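Work through the exercises below with the model open beside you. Each task is followed by a stepwise solution.

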Amino acid sequence: AVAAAAASAAVAFVVRLRVNMQGYLITKYNEHRPDLTGMVALVTGASRGTGLEVAKELARRGATVVIIARPSPRLQAAAVAVRNVARGGAGAVVVQPLDFARVDDIVSFARRFRSTPLAGMAQPRLDILVNNAGIFGSDHFRTHERLGVELTFAINHVAPYLLTKLLLPLLKQAERGARVVNVSSGAHQNAALADATTAATYTRATAYGKSKLANLMHARVLQDDLDSSARDGQVPKAVSCTPGLAYTNLLQDTKDVPPLIKPIVWLISRSAWGGAQVMLHCALAPSATLAGGGYYSNCLPREIFGKDKCGRDKKACVQLCADTDQLLRAAGVDLSTA
C-alpha cells in the first residue's frame, strides 16, 4: 500500500510538472475562433502530432478539411478523430494518402484537386493551406532518386513548394484571400543555403535546418505572388512559423535522442496541441494582424535568422524559388497550372 501510494504521488508530481512546463513553454495561445463554414482547408502531415491538432481545430470551426499524410493505419485513425469533432459532420473531412517523396503523385493529386469539386461544393476551392508534412532526416546521407538532391531538402522544401505552386490557381481565387502557412523550425537559425550537403558533410540536424530555412524563404516570395493577383476584398497572407520543441513523432522516432533521455525531453517539450497553437494563429488570425511573409513563434512575429542571413535577403529568396523551379523542370516535372 505504501509503495502504491508513493508511485501514485510520483505520477501526480510528474503530471503537475508537465502541466506547469507547458505554461512556461507556451507564453501565448491562439485566440482566434473564426467561422470557417463553406471554406476548404488542406493540412499536410495530418496523421498525428501538430498537423492532426490543426486539422481538428479547423474542422471544429466549420471548414471542410482535407487531411494528407503517407498511407498508413494512422491516417485512417486521424480521419476518425477529425470527423468526431467536425462541425460539418463526417462528410466535411476528406482523406488523401500521399507520399511527399513521390513527385508524380503530388502532381496527380494537385491537378485532380484543382479540377474536381469536393462533395457538396459547386466548384473546386481552397482557402487555407498548411504545409506541415516533413521528416527530420535519415541517419545517413541519401539522395532523392528523381530530383537528385538531398532527401530531407526534397521532402521538406521541394515537395511542399511543388504542391503550393500547383494549387496557386485555387488559392488566388479564395474569396477572402488565401492563407498559406509553411511550418518551419527554429533549427533554421543555424543553417545556410550555401552550405554544401554531401555524404562527407551530412548531419541530420544541418540537413533539417537547411530545409526549414527554405520553408520560410519560400513564404516570403509566395506573399509577393499572392499580392500581385489579389482582387478587391482579398487580403492573402503567406507566413511561416515554428511550433517550438514539441514532442511529436519527429522527436519520438528520432535516434538522435537516447531512449533514457526521451522522458526528460518529453517533460520539457510542448505537447502536440501546444505546438499547434502558433500554426493555428497563423491560419486563423485576421489578415490585417499578420505580417505577410513573416515568421512566427509563440503566436508572435519573430526575426528571421540563418547563418548567412539569406532568409532576410529577398533576392536570395527569389533565387531559391527560381532554382527550385529549375530543379523540378530538369527532373521532367510539368509545372503548368492551366
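**Exercise 1. Find which residues methionine 121 is in contact with, leaving aside its neighbours within four places in sequence.**

Solution. Take contact as heavy atoms within 4.5 Å. Leave aside neighbours within four places in sequence; methionine 121 is then in contact with Gly38, Met39, Val40 and Thr64. Next, place the residue: methionine 121 lies in the loop between α4 and β4 (128–131). Helices here are DSSP runs of H or I with at least four residues, strands are runs of E with at least two, and both are numbered from the N terminus. Then check the backbone: the C-alpha atoms of methionine 121 and valine 40 are separated by 10.0 Å, with their positions 81 residues apart along the chain. Last, exposure: methionine 121 counts as partly exposed because its relative accessibility is 21%. The cut-offs are under 20% relative accessible area for buried, over 50% for exposed, and partly exposed in between (1.4 Å probe, protein chains only).

Before going on, note the ground rules. This is a predicted model, where local features need pLDDT of at least 70, side-chain atom pairs count only at pLDDT 80 or more, and totals for chains, interfaces and linings use all residues. Residues are numbered from 1 along each chain as its sequence is written, and side-chain values use heavy atoms, with hydrogens and water left out.

**Exercise 2. Place proline 34, and state whether it is buried or partly exposed.**

Solution. Proline 34 sits in the loop between α1 (2–25) and β1 (40–44). Its relative accessibility is 25%, so proline 34 counts as partly exposed. With neighbours within four places in sequence left aside, its contacts are Arg61 and Leu284. For a backbone check, go to glycine 62: its C-alpha atom is 9.0 Å from that of proline 34, and the two are 28 residues apart along the chain.

**Exercise 3. Compute the C-alpha separations of two further pairs: threonine 198 with arginine 142, and arginine 114 with leucine 168.**

Solution. Start with threonine 198, in the loop between β5 (179–183) and α6 (204–228). Threonine 198 and arginine 142 are 9.0 Å apart, C-alpha to C-alpha, and 56 residues apart in sequence. Threonine 198 is partly exposed, at 32% relative accessibility. Now take arginine 114, in helix α4 (residues 103–115). Arginine 114 and leucine 168 are 9.2 Å apart by C-alpha atoms and 54 residues apart in sequence. Arginine 114 has a relative accessible area of 14%, so it counts as buried.

**Exercise 4. Where does helix α5 bend, and by how much?**

Solution. Helix α5 spans residues 151–171. Fit axes to the seven residues ending at a residue and the seven starting there; the angle between them is the bend. At lysine 165 this gives about 35°. Proline 169 follows within four residues. For burial, count along the helix: 19 of the 21 residues of α5 are buried.

**Exercise 5. Which phi values are positive in the loop between β7 and β8, at asparagine 298 and cysteine 299?**

Solution. The loop joins β7 (295–297) and β8 (300–302), and asparagine 298 is in it. Cysteine 299 is in the loop between β7 and β8 too. Phi of asparagine 298 is near 55°. Phi of cysteine 299 is near 65°. Neither residue is glycine. Asparagine 298 counts as buried because its relative accessibility is 11%. Cysteine 299 counts as buried because its relative accessibility is 3%.

**Exercise 6. How many cavities of 30 Å³ or more does the structure hold, and which residues line the largest?**

Solution. Search on a 1 Å grid over the protein atoms alone: a cavity is a set of points where a 1.4 Å probe fits but cannot get out, and lining residues have an atom within 4 Å of a point. Join points across faces, edges and corners; the volume is the space filled by probe spheres set on them. The search finds one cavity of 30 Å³ or more. The largest cavity holds about 50 Å³. Its lining is Leu171, Lys172, Gly177, Ala178, Leu226, Ser229, Ala230, Gln234 and Pro236.

Terms used
On a 1 Å grid over the protein atoms alone, a cavity is a set of points where a 1.4 Å probe fits but cannot get out, and a pocket is an open set with protein on both sides within 12 Å along at least five of seven lines; lining residues have an atom within 4 Å of a point.
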